[in-house]
Amino acid sequence: MGIAVRELLALEYFKDFEVVAGRGGVHKEIQGISCLEAPDAFNWVRGRELVFSSGYVIMKEPGCIQKGFEQGYIQPSSGLLIKRGRYLDEIPTDIIRLFDEYDVPLITMPFEVPWMEMINQINTAVMNRTVRRFRIQNTSMFQPSNQTYKMQKIKRILQAVEVEMNFLAFVYDTAEERSYYSSVNFRRITESFGLKESDYIEPSYPYTQHNLCDYINMVRFRLLNPDNAEGPRISWIRIPIIMNGVERAYFVVMESREFIDYYDEYSIRIAFLMLQAVYEQLEIARSVGNVGFENFIHFAMSYGQNDRKRLVYQANVQGISMSEVFTFVVFRQCSPALSTYTERKKLMEIFQTTEAAKRGKLVLLEENEGALLLQAGDAVAKDKEGIIRLLEEFRMRVTAEYPEMELEFGICREEKTLAEVRPNIEKCRKVLKMGKLLYPKEYIWDYEMLGPLAWLQIPEEELEEMLSRYKALMHDEKNIELLRTLKVYLENNMNYSLTAEKMYVHINTIRKRIDKVNSLLDMTWERHIDRLKVEMLLQFLDLP
């Protein structure tokens with residue numbers, strides 16, 4: 001993957017390079033560089049190469065260019081680059097005509113430009129172009145996950161490195177004291193060599209060190225084995241991720257099988273730049289405000305029971321009170337993910353214009369998910385109606401900016417401290433999932449709307465299947481009346497007389513309806529659990 005001739009010449013370094021012929025071929029892509037200083041040099045052109053020359057061979061044997069075109073060796077090349085004023089004061093017109101005829105760019109370069117410098121500039125341009133083309137795909141649809149946005153981004157980049165290069169990789173975050181792996185094989189191989197993760201940062205065994213790139217502190221470490229110099233040795237590439245002069249993380253690529261090659265370095269640099277971008281996004285977002293709080297929430301969502309002291313420490317660092325009380329709301333959106341920093345920043349800016357921003361904080365949990373933490377005791381957010389008004393305003397402002405974005409909200413109105421972040425956010429997530437099934441026409445669901453189902457751990461697929469069975473019956477008006485009768489019948493403890501009295505019909509009519517609905521549902525009511533399930537499900541059907 002290279003760079004087009006016209007893109008290369010558009011760069012500042014190449015401003016004094018001039019296309020004198022073959023302008024119709026400036027779209028050609030450069031994927032290599034070769035030298036023409038022999039009459040038959042074009043015989044070995046493989047294609048898509050930018051060929052450079054001092055002009056000496058053309059001066060000595062001008063017919064070599066025409067012969068190269070006649071034999072078809074020059075046409076596959078990306079172009080010919082000739083140094084001005086070295087051996088040719090002017091390019092012969094017949095040569096210009098040939099390059100115009102075959103749309104092969106003929107370019108002259110300044111006399112004083114060194115070959116090595118020019119080649120380095122082309123390689124740099126190709127690498128930069130490759131960086132721009134390298135993409136990590138984002139999740140486009142919401143999927144429930146316990147992983148934070150940062151965690152998912154880093155893991156995707158590491159997995160792409162392993163797929164692209166077939167080398168294992170990991171990132172160690174120094175602030176979180178946390179490791180991210182391209183796959184479980186990284187830990188397995190680490191253990192097989194008797195290493196610790198800390199060895200990849202500062203080796204505890206004898207090693208050699210070789211700088212691959214001073215600019216990004218890209219270093220190769222290779223362990224020495226004095227007892228078996230010819231035996232297997234492990235090496236790795238380490239690059240620190242530095243923000244504001246502080247090493248925030250380390251990016252490591254393991255060379256457990258072989259050394260990386262020249263093009264693998266391209267991939268490593270691309271991955272490093274993407275990881276650097278993830279950390280820069282989080283760093284820049286801190287200036288928007290609220291990110292210190294957001295980072296704390298992310299940490300609180302992932303810490304273990306043994307990390308309680310670290311959670312308190314993080315709260316103290318951010319100046320956050322663990323005893324502060326909030327009402328929790330989780331929102332999600334089903335349009336394409338907020339995959340760029342600009343989009344996420346814009347959402348935060350929209351939130352800052354709403355009434356909710358005066359009464360709480362917004363935290364982006366994942367690409368398609370966020371949380372609103374509304375201050376407990378607030379005059380507006382003290383009841384369900386007030387919370388809904390705040391959410392509807394936020395939704396309206398977001399839709400005005402992004403018409404395709406449809407926000408949905410799950411509310412838990414229990415007032416809880418930040419020490420209980422994780423269970424409350426998980427509870428809101430449950431409200432979102434089950435609320436969508438039970439009340440599909442709504443977009444704001446409250447925990448209390450779930451009724452007894454909120455206490456039961458019914459798999460989402462099973463609940464959806466059960467509901468769909470009853471909703472299918474409601475396509476027929478007669479079945480609606482049967483289900484309504486069944487609902488009243490169960491509410492009255494399966495008593496025919498009370499049901500008939502409540503529905504103002506004869507008891508025999510009730511008996512016939514119940515027999516009919518039992519036949520439709522294939523129910524015998526012998527199992528109390530079956531009766532409980534049906535009784536709860538009937539509460540969520542839109543029965544008159």
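This passage describes the fold of one protein chain, from its overall make-up to its sheets and selected helices. The model is predicted.

The protein chain contains 19 helices and 18 strands. It has 544 residues, of which 49% count as buried. Among contacts with a separation of 6 or more, 65% are between residues 24 or more positions apart.

One open sheet has 5 strands in the order 2-7-6-5-4. Its pairing is mixed. Strand 2 (18-21) and strand 4 (33-35) are the edge strands, and each pairs on one side only. From one strand to the next, the twist averages 30°. Strands of a sheet pair through backbone hydrogen bonds, in either a parallel or an antiparallel sense.

Strand 6 (79-83) has strand 7 and strand 5 as its neighbours in the strand order 2-7-6-5-4. With strand 5 (residues 50-53), strand 6 pairs in the parallel sense over 4 bridges. Here serine 53 has isoleucine 82 of strand 6 as its bridge partner. The pairing of strand 6 with strand 7 (residues 106-109) is also parallel, again over 4 bridges. Two positions illustrate this pairing. Leucine 81 stands opposite isoleucine 107 in strand 7, and lysine 83 has methionine 109 of strand 7 as its bridge partner.

How many of the residues of strand 6 are buried? The count is 5 of the 5, so strand 6 is largely enclosed by the rest of the structure. In a regular strand the side chains alternate between the two faces of the sheet. Both faces of strand 6 are covered. Gly79, Leu81 and Lys83 are buried on one side. Leu80 and Ile82 are buried on the other.

Helices also contact this region. Helix 4 lies across strand 2, strand 6 and strand 7, and runs at about 95° to strand 2. Helix 3 (residues 63-70) has the buried residues Cys64, Ile65, Gly68 and Phe69. These cover an arc of only 135° around the axis, which puts them on the same side of helix 3. The buried residues of helix 3 pack against helix 2 (56-60), strand 6 and helix 4 (93-101). Glycine 72 follows helix 3 and has a positive phi, near 80°.

A second open sheet has 6 strands. Their order is 9-8-13-12-11-10, and the pairing is antiparallel. Strand 9 (178-181) and strand 10 (207-213) stand at the edges. Each has a single partner strand, so one side of each is left without a neighbour in the sheet. The twist in this sheet averages 25° from one strand to the next. Strand 10 is joined to strand 11 (residues 218-223) by 6 bridges, and the two run antiparallel. Within this pair, asparagine 211 stands opposite valine 219 in strand 11. Helix 7 (residues 185-192) lies across strand 8 (169-173), strand 9 and strand 13 (246-255). Its direction is at about 75° to strand 13.

Glutamine 276 lies in helix 9 (residues 262-288). Is this glutamine 276 buried or exposed? Its relative accessible area is 13%, and glutamine 276 is buried because the cut-off is under 20%. Leaving aside residues up to four places away in sequence, glutamine 276 touches Ile241, Ile242 and Met243.

Helix 11 (residues 308-318) has a buried side and an exposed face. Its buried residues are Leu311, Gln314 and Ala315. They cover an arc of only 100° around the axis, which puts them on the same side of helix 11. In an α-helix there are 3.6 residues a turn, so residues three or four places apart point the same way. The face turned away from the buried side carries the exposed residues Lys309, Tyr313 and Asn316. After helix 11 comes glycine 319, with a positive phi near 70°.

Farther along the chain, two helices pack together. Helix 16 (residues 477-491) and helix 18 (residues 507-521) pack at an angle of about 105°, with axes 9 Å apart. That angle makes helix 16 roughly perpendicular to helix 18. The residues of this contact divide into 9 nonpolar, 2 polar and 3 charged. On the helix 16 side they include Leu482, Leu483 and Leu486, along with Asn479 and Glu481. On the helix 18 side they include Ile510, Ile514 and Val517, along with Arg513 and Lys516.

Methods: Residues are numbered from 1 along each chain as its sequence is written. Side-chain values use heavy atoms; hydrogens and water are left out. Two strands pair if DSSP finds at least two bridges between them. Axes are lines fitted to C-alpha atoms, for helices over the stretch in contact, and angles run from 0 to 180 degrees between N-to-C directions. Contact means heavy atoms within 4.5 Å. Buried means under 20% relative accessible area, exposed over 50%, partly exposed in between (1.4 Å probe, protein chains only). The arc is that of the directions from the helix axis to the C-beta atoms. Angles under 35 degrees count as roughly parallel, over 145 as roughly antiparallel, 65 to 115 as roughly perpendicular and the rest as oblique. Ala, Val, Leu, Ile, Met, Phe, Trp, Tyr, Cys and Pro count as nonpolar, Asp, Glu, Lys and Arg as charged, and the others, Gly among them, as polar.
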